[in-house]
Amino acid sequence: MWHRIAAFIIKFRITLLVTLLAATCVMGYFASKVELSYEFTNAIPTDNPKYKDYQNFRKQFGEDGNMMVIGVQTDKFFNQDFFTDYATLVKSLEKVKAVENVLSIPGAINLEKDTTTGQLKVVKLVTDSTLGDVAGIRDAFHNLPFYKGFLYNPETGAYLMALRIDKQVLNSKNRAGVVNEILKLSDAFGKKHGIEMHYSGLPLIRTMMAGQVQSEMNLFLILSFVLTAVILALFFRSFMAVLASMLVVAAGVVWSLGTVVLLGYKITLLIALIPPLIVVIGIPNCVYLLNKYHAEYNKHQNKAKGLLRMVDRMGIVTLFTNITAAIGFGVFFFTKSAILKEFGLVAGINIMAIFLISLIFIPALFSFLPPPKSRHTSYLESGWMSRLLDTITNWVFGHRMWIYAATIVICAVSVMGMMRLNSVGHIVDDLPKEAKVYQDLMFFEKNFRGVMPLEIVIDTRKKNGAVGLPVLQKMDELTTYLKQYPEIGHSLALTEGVKFARQAYYDGDSSSYAVPNMFDAAFIQPYLRGGAGDKKGMFNKLLSAFMDSTKQKTRISINMADVGSKRLPVLLDSIRPKTLELFDTSKYDVTFTGTSIVFLEGSKFIINSLRDSLILAFIMIFGCMIALFRSWRILLISMVINIVPLLITAGIMGWMGIPIKPSTVLVFSVALGITIDVTIRFLVNFKQELAHHDDDIAATVKRTIHDTGLSIIYTSLILVAGFGVFALSQFDGTKSLGYLTSLTLLLAMVTNLTLQPALLLWMDKALRKNKSADFLRDDDEEPSNP
């Protein structure tokens, strides 16, 4: 079959090349329309209970993840010049397009009782007339407990302002412009006063990550092209071999970006990895094909015969190596995670596309070119490489027991390391610890106990139930209870507004900042029920933000630290008993939700999905091995060879304290799909050569090490270098994917060239006992016919 395919490609080479060029142009047109994703991609399926709870919360109360915070730490905040400029900054920020409102000290309000009407009225602390009296503003502000721990921390001298940004802008490309303008205005203020400005909040973090994704995708593409080109030049010493390989992967990159647009996707953190991955995975196809072409031409000095045998012998190898690689990525499509499904589908399709491109382009192009010169094939007889392969052969044949013993000891130590693995994820997992955005997050966790949103929704099951005095008292008791946890910061709820109103009722006495009792509740209740005061006023707006329209449901909005997926469930389990003690489930429905819970639930879901994907990948890949070799012994050997590198990598992660998280679990499925390629390359060559050596396994193993060792070492080095590029990422997740995958591929190269031939020699011993090698021979059809 492959001989006929080879003849077809050579015969219709012009038509195929024109078709390939036209298809690449069409995909290039679509690739030009690719867009960066600015939306918060769902990691968990839409039918997940926690996702449903969060969507219901958003419908009733709006976004909880559109707040950006700006902090300063100074002892001169209430100096006249500093405070005046700070107030000017707030006014400037309020004018920034898409900034809906700014909660700040210059914008703080006070509630006062109108002595004439007895009604509450809203009074701004800072006006043009009062701005000159900063001392008076300071004293009035410090008399309002409502803001303590929210806008300032008196113990550390830290001050905060919070900007609410329009959700629609946050999910568009205009987000970067808005955030950058906020940073520009704030940095100018900080520079003028010689003070460091601190920024945090999900809008900022998401903007920083999106911008970094775009710049890193371009960087990785360039680096992967340059690195692979250099390695190919050292390998082949042929300009045309390098150029042809670069054209193949360049077409693959264009196809991958075109596929993203055709499928209706956008560039996410994961999809951004696909173009450089296509370069890294596509180059081995070119190396295998060109290496075989050069070897056959060197043997027969016939270009046409060399090209035909290249496709004939290597077609089956490259097909199965690409199928297994596609499976390694494609299994993510079968998860319920949107971000993983997109990544898996685009990667799987384009790995098979790069196989098709290389299979057509390489033989068709080289049929027009002159035969390779002796300097282009001199690498086949490289002195140092021959000595290296001779050393490997001697070890395999002379020290097999040492190879077995070393493998067993290393695997035992790796298993011990695996026992130390921990699973933990953070909202800012991917941010480097030395980055300013991460350091600023630590600033807010230290001074305000964090800025990550957690929401507790209380459903009283009856209209106006949320404004009943018993409910208010229970909520106040719960928020007081939450203060004992160092990870939980300021809690903002209906009760805080009520306590603010009560303080105003008692002429601003800060000691009256408390939930009303049965004696003064009669005054507060009309405001809570919307029957008094200005219904469009700021106080009523505050209340409406924390109750639904029927006043049946209310929320407690909490700022907390990014405690991680390990601590958060423990923390919630500690809070839940007290919450349910106060709000009996027979009368109330209590829901814990918010971005923190959804994000970390997504992290846990992705880890579980990747684990299931790895199992599915194992089943599908080894199913391909059975179809290809039809031998349980070969299957057993291939399983051992590919499990050992994964096991060692997991062990190293355990000993080095590298946690299990989405980016590190991704390594195993990706590496499995690629490392099995080397195994297939070795075993197919072994099976093809076995017939030529009269079923002499020992002689065939020796021949296979020398025939495949060269291309295996070079393709492995290309893969290691290609994935090593990702280690330069600013994202810890991408960095981990880079160096852990490179490590696994390097280990796979070693096991494929040492342990695998040693196990094949063990099989030779078993076969001699059975006096038969028929199970290796497929009488119906060889993988390829020379």
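## Overall picture

How many helices and how many strands are there in the chain? The chain holds 27 helices and eleven strands. Please keep in mind that this is a predicted model.

Along the principal axes, the C-alpha atoms occupy a box of roughly 110 × 50 × 45 Å. The chain has 786 residues, and 59% of them count as buried.

## Two helices, end to end

Helix H8 runs over residues 202-236, which gives it 35 residues. From its first C-alpha to its last, H8 reaches 49 Å, close to the 51 Å expected at 1.5 Å a residue. Just after H8 comes Arg237, with a positive phi of about 55°.

Helix H17 (residues 469-482) has 14 residues. The distance from its first C-alpha to its last is 20 Å, close to the 20 Å expected at 1.5 Å a residue. Which residues of H17 are buried? They are Leu469, Val471, Leu472, Met475, Asp476, Leu478, Thr479 and Leu482.

## Positive phi in two loops

If you like checking backbone angles, here is some background: most residues other than glycine have a negative phi. Ala98 is not a glycine, yet its phi is positive, at about 85°. This alanine sits in the loop between helix H4 (80-94) and strand S2 (99-103). Is Ala98 buried or exposed? With a relative accessible area of 16%, Ala98 is buried, because the cut-off for that class is under 20%.

Gln301 is another residue other than glycine with a positive phi, here near 55°. The loop between H10 and H11 is where Gln301 is found. Gln301 has a relative accessible area of 52% and is therefore exposed, the cut-off being over 50%.

## Salt bridges

The structure holds 17 salt bridges. One of them joins Lys192 to Asp85, with the closest N and O atoms 3.0 Å apart. This pair links distant parts of the chain, as Lys192 is in helix H7 (residues 175-193) and Asp85 is in helix H4, 107 residues apart. Lys192 counts as exposed, at 61% relative accessibility. Asp139 and Arg138 form a salt bridge too, and their closest N and O atoms are 3.4 Å apart. Asp139 is partly exposed at 47% relative accessibility, and Arg138 is partly exposed with a relative accessible area of 32%.

Where do Glu581 and Lys578 lie? Both are in helix H21 (residues 564-582), three residues apart, or about one turn of the helix. Their side chains meet in a salt bridge at 3.8 Å, N to O. Glu581 is exposed, with a relative accessible area of 58%, whereas Lys578 counts as buried at 17% relative accessibility. Elsewhere, Glu196, Lys436 and Asp440 are joined into one network by salt bridges that share partners.

## A nonpolar patch on the surface

Val409, Val413, Met416, Trp655 and Met656 make a nonpolar surface patch of about 520 Å². Helix H15 (400-418) and helix H23 (632-656) are the elements that give two or more residues to this patch. The largest share, three residues, comes from H15.

Val413 is a handy residue to look up in the patch, and its place is in helix H15. How open is it to the surface? Val413 has a relative accessible area of 40%, so it is partly exposed, which is the class between under 20% and over 50%.

## Cavities inside the model

Some background helps here as well: rolling a probe the size of a water molecule over the atoms shows where empty space is left. The count comes to six cavities of 30 Å³ or more. The second largest cavity has a volume of about 110 Å³.

Which helices each supply at least two residues of the lining of the second largest cavity? They are helix H10 (274-300), helix H11 (303-330), helix H24 (662-690) and helix H25 (697-724). H10 gives the most, with four residues. The lining is made up of Ile281, Pro284, Asn285, Tyr288, Thr321, Asn322, Ala325, Ile674, Asp677, Val678, Thr715 and Leu719.

Terms used:
Residues are numbered from 1 along each chain as its sequence is written. This is a predicted model: local features need pLDDT of at least 70, side-chain atom pairs count only at pLDDT 80 or more; totals for chains, interfaces and linings use all residues. Side-chain values use heavy atoms; hydrogens and water are left out. The expected span of a helix is 1.5 Å times one less than its number of residues. Patches are made of residues with over 30% relative accessible area and no salt bridge: like charges are joined within 9 Å, nonpolar side chains (Val, Leu, Ile, Met, Phe, Trp, Tyr) within 5 Å. Accessible areas come from the Shrake-Rupley method with a 1.4 Å probe; for residues, only the protein chains shown count as cover. A salt bridge is a side-chain nitrogen of Lys or Arg within 4 Å of a carboxyl oxygen of Asp or Glu. Buried means under 20% relative accessible area, exposed over 50%, partly exposed in between (1.4 Å probe, protein chains only). On a 1 Å grid over the protein atoms alone, a cavity is a set of points where a 1.4 Å probe fits but cannot get out, and a pocket is an open set with protein on both sides within 12 Å along at least five of seven lines; lining residues have an atom within 4 Å of a point. Grid points are joined across faces, edges and corners, and a volume is the space filled by probe spheres set on the points.
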